[in-house]
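Me: I have a predicted model on my screen. Could you walk me through a few of its features?

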Amino acid sequence: GQLGPVYSSGVTPDMLSVSAASGLRAIFNFADQPTTKGLVPPREFVETRSAIVEWPYATRDARPELAALCQTVKQEFIARQMSVVLGEASKLAADRPYEALTEAMKQLNELQMLAADNHHVVDVTDTLVDDVCSYIGRLHDGGGRVGVPWPWEQLTDATKGMQPGELIVFYGVPKSMKTWLALYIVLYGYMHYNAKAMIYSSEVVDEAFKLRIASILGRIPYDDLRGGFAGDPDATASALYALSQIREEERAAGQGQRLMLIQGILSEGGNPLSILEQAIESHNPDVVMIDSAYLLTSDLDWKTISKFAREAKQLAVKGRCCVIITSQENVKSAMQAAANRRNPGQGTVSYSQGLIENCDIAIRVIKKTRGRRNQLSLHVTAGREIQLEGITINGNPGHDFAFVSNRLIQMEEAMGDEETGTRRSRPVAQTNVVDRLDEQMNQWQPPNDGKTGS
């Protein structure tokens with residue numbers, strides 16, 4: 001309505017003087033009434049509720065003036081707040097410079113978001129044909145996808161690729177290879193589709209993490225690489241040659257940084273995503289991985305985690321990139337659901353359902369170990385317009401994440417996996433039968449017929 005420029009500008013009463021703020025609140029109250037929805041009230045209506053009126057009214061012709069005034073108010077407010085933020089940071093910097101820098105960056109980022117236009121009103125009918133043509137063209141040019149492809153065509157077909165602005169969450173019990181999986185997905189786009197990839201870790205990036213990246217890039221079995229190829233010089237030379245070729249190809253392409261590893265240490269009270277936000281703005285990646293997202297907050301209560309998830313989604317939208325995060329699954333809830341042979345859906349994600357509510361795709365990872373080989377089932381527990389329950393793939397670190405089947409491994413099948421630290425639990429209805437069979441097997445003796453054999 002007539003008040004559209006005020007709403008779209010982001011101007012709020014707390015940006016104004018006390019008297020002007022009361023006038024703006026009166027305008028908002030008038031515009032929220034059912035009979036006057038979205039309309040600017042008469043001047044007399046505001047004058048009776050505010051001593052000073054700083055808003056022009058009268059006719060529809062006043063709307064451009066109203067929009068300009070909103071921008072002026074916002075600019076003055078941002079200038080005042082910047083002075084306050086920088087002044088406080090300067091005082092704190094003498095004793096605690098890192099904390100001062102983190103806090104200043106957090107508050108300045110919030111002001112930057114306010115400075116940006118939050119709403120864009122367009123005539124849909126005027127742009128609809130062009131938008132649809134653009135989408136269809138990108139879909140055809142991309143071979144059936146409009147985003148960065150997944151390593152498995154089943155997921156790419158179901159999602160049309162990982163789209164800019166999407167937040168994708170992988171969660172599972174500890175040691176279920178979530179980090180390996182996210183790394184492989186990001187590096188697959190980098191290696192095969194020229195995607196710019198950014199990997200962010202809140203922890204110290206140690207040798208083991210870099211070895212994982214080298215293992216995937218060089219298609220080198222991780223255990224061999226970690227063990228130094230048991231001193232085999234030929235195997236060592238072959239691996240180093242494969243990695244050096246990747247480096248040379250990157251340099252020859254001359255495209256600048258396409259694979260970036262960022263370490264961000266969280267200071268108390270700081271914004272965990274501020275460093276990453278600046279890096280995204282500077283380097284424009286196509287896909288971003290945030291490892292162990294729950295470690296990026298100093299407080300693991302559900303409100304903090306939900307706020308983090310919203311900020312991560314905004315980061316993806318603002319940066320026009322796909323953001324992939326890994327998080328934990330509540331082991332106790334997962335085991336209880338498995339013992340009762342119940343599909344928990346999204347109910348076992350740790351800390352907060354806000355992770356799922358704010359994401360575009362949520363995937364629960366279940367690992368099953370068979371001998372020295374792993375299989376991973378990727379259960380799609382949340383997804384907009386995705387008609388796919390999930391897939392099962394190999395999970396052999398570094399060199400083999402190939403598609404296996406559409407049959408999904410359930411948690412009760414994987415409960416004997418030693419790496420997850422869990423024990424196989426029997427459904428209550430079957431316990432007595434299994435116990436009797438165990439007892440009979442323990443009492444069994446081979447027949448004494450004088451013969452030997454297997």
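Me: Are Trp 180 and Tyr 222 buried or exposed?
Reply: Happy to help, and do keep in mind that this is a predicted model. A residue counts as buried under 20% relative accessible area. For Trp 180 and Tyr 222 alike, the answer is buried.

Me: How many residues apart in sequence are the parts that this pair ties together?
Reply: The two rings form an edge-to-face aromatic pair, with 5.0 Å centre to centre and 80° between the planes. Trp 180 sits in helix H8 and Tyr 222 in helix H10, so the parts they tie together are separated in sequence by 42 residues.

Me: Is the pair of Tyr 188 and Tyr 193 stacked, edge-to-face or tilted?
Reply: Planes under 30 degrees apart count as stacked and those over 60 as edge-to-face, with the rest in between. The ring centres here are 6.0 Å apart and the planes meet at 50°, so the pair is tilted.

Me: Which of the sheet's strands are the edge strands?
Reply: The sheet is open, has nine strands with mixed pairing, and runs in the order S3-S2-S4-S5-S1-S6-S7-S8-S9. An edge strand pairs on one side only. That gives strand S3 (259–263) and strand S9 (403–405).

Me: What is the bridge partner of Phe 170 in S5?
Reply: Strand S1 (residues 167–172) pairs with strand S5 (residues 322–328) in the parallel sense, over six bridges. Within S5, the partner of Phe 170 is Thr 326.

Methods: Residues are numbered from 1 along each chain as its sequence is written. This is a predicted model: local features need pLDDT of at least 70, side-chain atom pairs count only at pLDDT 80 or more; totals for chains, interfaces and linings use all residues. Side-chain values use heavy atoms; hydrogens and water are left out. Two strands pair if DSSP finds at least two bridges between them. Helices (H or I, at least four residues) and strands (E, at least two) are DSSP runs, numbered from the N terminus. Rings of Phe, Tyr and Trp (its six-membered ring) pair if their centres lie within 6.5 Å; planes under 30 degrees apart count as stacked, over 60 as edge-to-face and the rest as tilted. Buried means under 20% relative accessible area, exposed over 50%, partly exposed in between (1.4 Å probe, protein chains only).
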